[in-house]
Amino acid sequence: MTGLRVRSAEASDFPAVARLTVAAYEADGQLKGEHGYGDVLADVSTRADSGEVLVAVDEATGAVLGSVTFVLPGTRFAELAGPGEAEFRMLAVDPAAQGRGVGAVLAQACVDRATELGCTAVLICVRAGMAAPAHRLYERLGFVRVPEKDWSPLPGVDLLGLRLDLRRS
């Protein structure tokens, strides 16, 4: 989308990333009844130490509108990726900026980064019952459901595994 630029997050971005990530997860109902995950989402410096935190910035205002954490297997936040694969986590768009294509730009940036690194696939997990626009976004990008990657970190939190094969012709 025009008017957006994706770049690596800088330490000065971390407060905005923490705020918008928690706000996006709260707005989507993903933090109800969960204890501690909001703190994990807000701890951007730990995510940055374990992977690449990318931000989508409004080129006109400089405002951080969304973020995502790109990780490789064996790192702290990797849950699904195996050897040669990449994963992204905690994709979040400021509720005030939703509908502007921010999520699509961030997801594509992760696919592009995985391609640059020579990865064979990108994996993500999405919460069962997540908002339909997110599921449609991942389908448009070519992600397919991989039921053997489904898992549940806590009772009542069911995550669905999705995979994008980068070896497609």
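**Salt bridges, rings and a helix in one chain**

Let me start with one residue: Arg-89 is buried, at a relative accessible area of 9%. Before going on, please keep in mind that this is a predicted model.

What does the side chain of Arg-89 meet? The partner is Glu-79, and the two form a salt bridge with 3.4 Å from N to O. Glu-79 sits in the loop between strand S3 (64-71) and strand S4 (85-93), while Arg-89 is in strand S4 itself, so the pair ties together parts that are ten residues apart in sequence. Glu-79 is partly exposed, with a relative accessible area of 33%, whereas Arg-89 is buried.

In total, the structure holds nine salt bridges. I will go through some of them.

Strand S4 also takes part in a salt bridge through Glu-85. Its partner is Arg-163, and the closest N and O atoms of the two are 3.3 Å apart. Arg-163 lies in strand S8, residues 157-165, and Glu-85 in strand S4, so to speak a link between distant parts of the chain, 78 residues apart. Are these two residues buried or exposed? Arg-163 and Glu-85 are both buried.

The next pair is Arg-145 with Asp-150, where the closest N and O atoms are 2.2 Å apart. Arg-145 counts as partly exposed, at 42% relative accessibility. Asp-150 is partly exposed too, with a relative accessible area of 26%. There is also a network of salt bridges, and it links Glu-52, Arg-113 and Glu-116.

Back to S8, now for its strand pairing. Which strand does S8 pair with here? Strand S7, residues 151-154, is joined to S8 by two bridges, and the two strands run antiparallel. One residue to look at is Trp-151, whose bridge partner in S8 is Leu-159. S7 and S8 make a hairpin with two residues between them. In that turn, Gly-156 has a positive phi of about 85°.

Now the aromatic rings. The structure holds four aromatic pairs. One of them is Tyr-138 with Phe-143, an edge-to-face pair at 5.9 Å centre to centre and 70° between the planes. Both Tyr-138 and Phe-143 are buried. Phe-88 joins these two in a cluster linked by ring pairs.

Next, helix H4, residues 102-116. How far should its 15 residues span? At 1.5 Å a residue the expected figure is 21 Å, and the end C-alpha atoms are 21 Å apart, which agrees. The buried residues of H4 include Val-102, Val-105, Leu-106, Ala-109, Cys-110 and Ala-114. On spacing in general, an α-helix has 3.6 residues a turn, so residues three or four places apart point the same way. After H4 comes Gly-118, with a positive phi near 80°.

Finally, the chain as a whole. Its secondary structure comes to five helices and eight strands. In sequence order the pattern is β-α-α-α-β-β-β-α-β-α-β-β-β. The C-alpha trace spans about 40 × 40 × 30 Å along its principal axes. For 169 residues, a compact globule would have a radius of gyration near 15 Å, and the chain has 15 Å, which agrees. Buried residues make up 47% of the 169. Of the contacts between residues at least 6 apart in sequence, 63% join residues at least 24 apart.

Methods
Residues numbered from 1 in each chain as written. Heavy atoms only, no water. Salt bridge = Lys/Arg side-chain N within 4 Å of Asp/Glu carboxyl O. Helix = DSSP H or I, 4+ residues; strand = E, 2+ residues; numbered from the N terminus. Buried < 20%, exposed > 50% of the residue type's maximum accessible area, 1.4 Å probe, protein only. Pairing = 2+ DSSP bridges. Phe/Tyr/Trp six-rings, centres within 6.5 Å; stacked < 30°, edge-to-face > 60°. Expected span 1.5 Å × (residues − 1). Rg over C-alpha atoms; globule rule 2.2 N^0.38 Å. Contact = heavy atoms within 4.5 Å.
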